[in-house]
2 protein chains.
Amino acid sequence: MTMPSIAAQVDIALGERSYPIVIGTGLLGDAVVSQRARAGSQALIVTNTTVGPLYADQLARALGARHGAVRVLELPDGEQFKHWETLNLIFDELLAHGADRKTVLYALGGGVVGDMTGFAAACYMRGVPFIQVPTTLLAQVDSSVGGKTAINHPLGKNMIGAFYQPQVVVCDLDVLKTLPPRELSAGLAEVIKYGPIADMAFLDWIEANVEALRACEPAALAHAVRRSCEIKAHVVGQDERESGLRAILNFGHTFGHAIEAGMGYGAWLHGEAVGAGMVMAAELSRELGLVDAAFVQRLTALIARAGLPTRGAVIDPVDNAGRYLELMRVDKKAEAGAIRFVVIDGPGRAAVRAAPDALVRQVIDRCT
Amino acid sequence: MTMPSIAAQVDIALGERSYPIVIGTGLLGDAVVSQRARAGSQALIVTNTTVGPLYADQLARALGARHGAVRVLELPDGEQFKHWETLNLIFDELLAHGADRKTVLYALGGGVVGDMTGFAAACYMRGVPFIQVPTTLLAQVDSSVGGKTAINHPLGKNMIGAFYQPQVVVCDLDVLKTLPPRELSAGLAEVIKYGPIADMAFLDWIEANVEALRACEPAALAHAVRRSCEIKAHVVGQDERESGLRAILNFGHTFGHAIEAGMGYGAWLHGEAVGAGMVMAAELSRELGLVDAAFVQRLTALIARAGLPTRGAVIDPVDNAGRYLELMRVDKKAEAGAIRFVVIDGPGRAAVRAAPDALVRQVIDRCT
């Protein structure tokens, strides 16, 4: 077991809902995880059948000192289970054991576990505290930070949810060592995203360190997680409930969601769909005259080096572009049927805008 | 059709989440209902199979001027349908028609419709605006005000929900004329409640006007709704998320929830269970030496005059008190298995405290 070591702390400033993201090694078995939990309260660790056997015992031991009782609930693993029936397993478990309003939920897993545990915490007795312990790179740099929680509906991804902030996010870099390479690459999609929308110097750094990141070198991971969280913290701190600016964090996600929905949730990893989606969104930005072809090529090359797909899936053999458009119209950012695209408005800056259907069709046809 | 007339407005002061409660006659068909809605946005009226046929058309016409499209969804009527499957009908309807983030939900009905519509609004795309149009006395004086929304779980009432404030509450007193007498009485339970916990002068007034209220005299109803909302507004304004003071609004509800859960949701109306529950809570207060027997008798007599039960149900033939205790331990106000009772700490003042099981058993045995 690694000795606990904190490499960085990033603070999300949201008034009384502010909280720290603690980044380091050996943290999963350390008291830092439960530092903000009420002493003596019950704890429920929500995890999945993949992560639970690896890390739940270690976390449960670390929590034992602070909590009166620590229970573990393993959910089935995968985006296809991110729906009401699985969410209800959390409520069943809480109610079966008389969990009260002080009970603390710990989300030990990737984005799916974090989204469902956070939403369960938002709803159980109208709100109980929760702590994020993300075990994937994607969750550490993106989904565990910022308080977006949700489940999917058959007609749309993340359609039912809440803005609900955790008390702490603990990113233990050690756990990334057991992450399958495909999952690590998926996480890199969200790391790369922060470059074009906010920080071209960070994009330079990722280009120079992408092999180190794929090899799980701790110093490289620590920097990537820290800088990603800093950028996300800055954006979320200005727009907690996504009334404007925050939408830029969805760069690549509008096209990506269409791929995920069109292929059936779980066929493509979220990060893979975002990888291809960023290429499509960059190409759309170029068509709109906002960036040049060299920028699109540079971003595409980095996405490929990260081990991610750079072409979107064909989701309908007859009218592929039409199916993309149909799915994108039910995206949450759509307004009165108009799709809102996150585009790159010059390198390092994002904007949200509509685009003519004909142009979007061209981009889809070219990029799939 | 009555000409619209506003009798009173009560403001809920919650900073940026502040909103008015508008009380009067002829309001359902008036533009006041949609005054705060965004022009041109979609609207969905959520109602039930009892209220819908009576009032949905009238409301839809009034909304037509403001909204681009107005749709109506009728849910099955009754507390036994206040669960996830029914809630999901709202999400299905919204997604099937491409409802976006600006869509406004209108809750046209009693407490069940209000609770489910409010929770759906809290969760749909992580939050869309909603407006309460309560059609029962109980909803007008209590459940539509203050932002508590929820659904039931097989193991507990209102266990899954959110604090989510409406944009406006419109109380049209005309609709109470079509309310069955049993439902009107159930609403009076929540009106009566405000006396012992906060305002003995209001209790005097109710004693003098209970027959006028049961006869639906508009001036009496207007005063009862207004004063009830004022007291609730005062309490909620100080404690939106029920971390303390707000719990006093649950006077009679801890025993009442046990009756509802023990008999099966829907067998007793919520207000009926609260009526008997207030007698039990008053008797507990007397046992604790906080009020005298005359106070308990006075409150019991008024509850009877309102047409409400004054004795709790026998919910278990073998160990009735034990079953009450078991059900009360999963109440949301319970902490670490200790039931928190709202008691009357001298007439006009409420407090929240624990009580010895043996004493509670005595009270249950005496009051059922």
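His270(B) lies in helix 9 of chain B, a helix that covers residues 270-287. This is a predicted model. His270(B) is buried, because 28 other C-beta atoms lie within 10 Å, and the cut-off for buried is 20 or more. The points below start from this residue, then turn to other single residues, a hairpin, the whole of chain A, its domains and its partner chain.

**His270(B) and its surroundings**

- Leaving out residues up to four places away in sequence, His270(B) touches Glu79(B), Gly111(B), Leu138(B), Ala186(B) and Glu260(B).
- Ile248(B) is 22 residues from His270(B) along the chain. The C-alpha atoms of these two residues are separated by 17 Å.

**Met200(A)**

- Met200(A) lies in helix 6 of chain A, which spans residues 200-214.
- Is Met200(A) buried or exposed? Met200(A) counts as partly exposed, because it has 15 C-beta neighbours inside 10 Å. A residue needs 20 or more to be buried, and 12 or fewer to be exposed.
- Beyond its neighbours within four places in sequence, Met200(A) is in contact with Gly195(A), Pro347(A) and Gly348(A).
- Met200(A) and Phe81(A) are 119 residues apart in sequence. From C-alpha to C-alpha, they are 36 Å apart in space.

**Positive phi angles in chain B**

- Asn158(B) is not a glycine, yet its phi is positive, near 55°.
- Asn158(B) lies in strand 8 of chain B. Asn158(B) is buried, because 20 other C-beta atoms lie within 10 Å.
- Glu242(B) is not a glycine either, and has a positive phi of about 55°.
- Where is Glu242(B)? Glu242(B) is in the loop between helix 7 (218-238) and helix 8 (253-263) of chain B.
- Glu242(B) is buried, because it has 22 other C-beta atoms within 10 Å.

**A hairpin in chain B**

- Strand 7 of chain B (residues 148-153) pairs with strand 8 of chain B in the antiparallel sense. The pairing runs over 5 bridges.
- The two strands, 7 and 8 of chain B, form a hairpin, with 2 residues between them.
- Ile151(B) stands opposite Ile160(B), which belongs to strand 8 of chain B.
- Strand 8 of chain B covers residues 156-163 and is mostly covered, with 6 of its 8 residues buried.
- In a regular strand, side chains alternate between the two faces of the sheet.

**Chain A as a whole**

- Chain A has 12 helices and 11 strands.
- How compact is chain A? Its radius of gyration is 20 Å, and the globule rule gives 21 Å for 368 residues. The two values are close, so chain A is as compact as a globular protein of that length.
- Along the principal axes, the C-alpha atoms of chain A fill a box of roughly 60 × 40 × 35 Å.
- Of the 368 residues in chain A, 57% are buried.
- Take the contacts in chain A between residues at least 6 apart in sequence: 73% of them join residues at least 24 apart.

**Two domains in chain A**

- The domain assignment of chain A gives domain 1 (5-178) and domain 2 (190-367).
- The centres of these two domains of chain A, taken over C-alpha atoms, are 26 Å apart.
- In chain A, 30 residues of domain 1 are in contact with 26 residues of domain 2.
- Which elements of domain 1 each supply at least two residues of the side that touches domain 2? They are strand 1 (5-12), strand 2 (19-25), helix 4 (137-143) and strand 8 (156-163) of chain A.
- Strand 1 of chain A gives the largest share of this side, 5 residues.
- This side of domain 1 of chain A holds 16 nonpolar, 9 polar and 5 charged residues.

**Chain A meets chain B**

- In this pair, 30 residues of chain A are in contact with 31 residues of chain B.
- On the side of chain A that touches chain B, two or more residues each come from helix 2 (84-96), helix 3 (111-123), strand 7 (148-153) and strand 8 of chain A.
- The largest share of that side, 6 residues, comes from strand 8 of chain A.
- By class, that side of chain A has 17 nonpolar, 6 polar and 7 charged residues.

**Symmetry of the two copies**

- A turn of 180° and a shift of 0.0 Å along the axis lay chain A on chain B, with an RMSD of 0.0 Å.
- The two copies are therefore related as by a two-fold rotation axis.
- In chain A, the C-alpha nearest the axis belongs to Trp84(A), 4.2 Å from it.
- The same surface serves both copies, as 100% of the contact residues of chain A recur in chain B.

Notes
Residues are numbered from 1 along each chain as its sequence is written. Chains are lettered from A and ligands numbered from 1 in the order in which they are written. This is a predicted model: local features need pLDDT of at least 70, side-chain atom pairs count only at pLDDT 80 or more; totals for chains, interfaces and linings use all residues. Domain bounds come from an automatic or database domain assignment. Two residues are in contact if their C-beta atoms, placed from the backbone, lie within 7 Å. Helices (H or I, at least four residues) and strands (E, at least two) are DSSP runs, numbered from the N terminus. Ala, Val, Leu, Ile, Met, Phe, Trp, Tyr, Cys and Pro count as nonpolar, Asp, Glu, Lys and Arg as charged, and the others, Gly among them, as polar. Two strands pair if DSSP finds at least two bridges between them. Copies are superposed by least squares on the C-alpha atoms of residues with pLDDT of at least 70 in both. The radius of gyration is taken over C-alpha atoms; the globule rule is 2.2 Å times the number of residues to the power 0.38.
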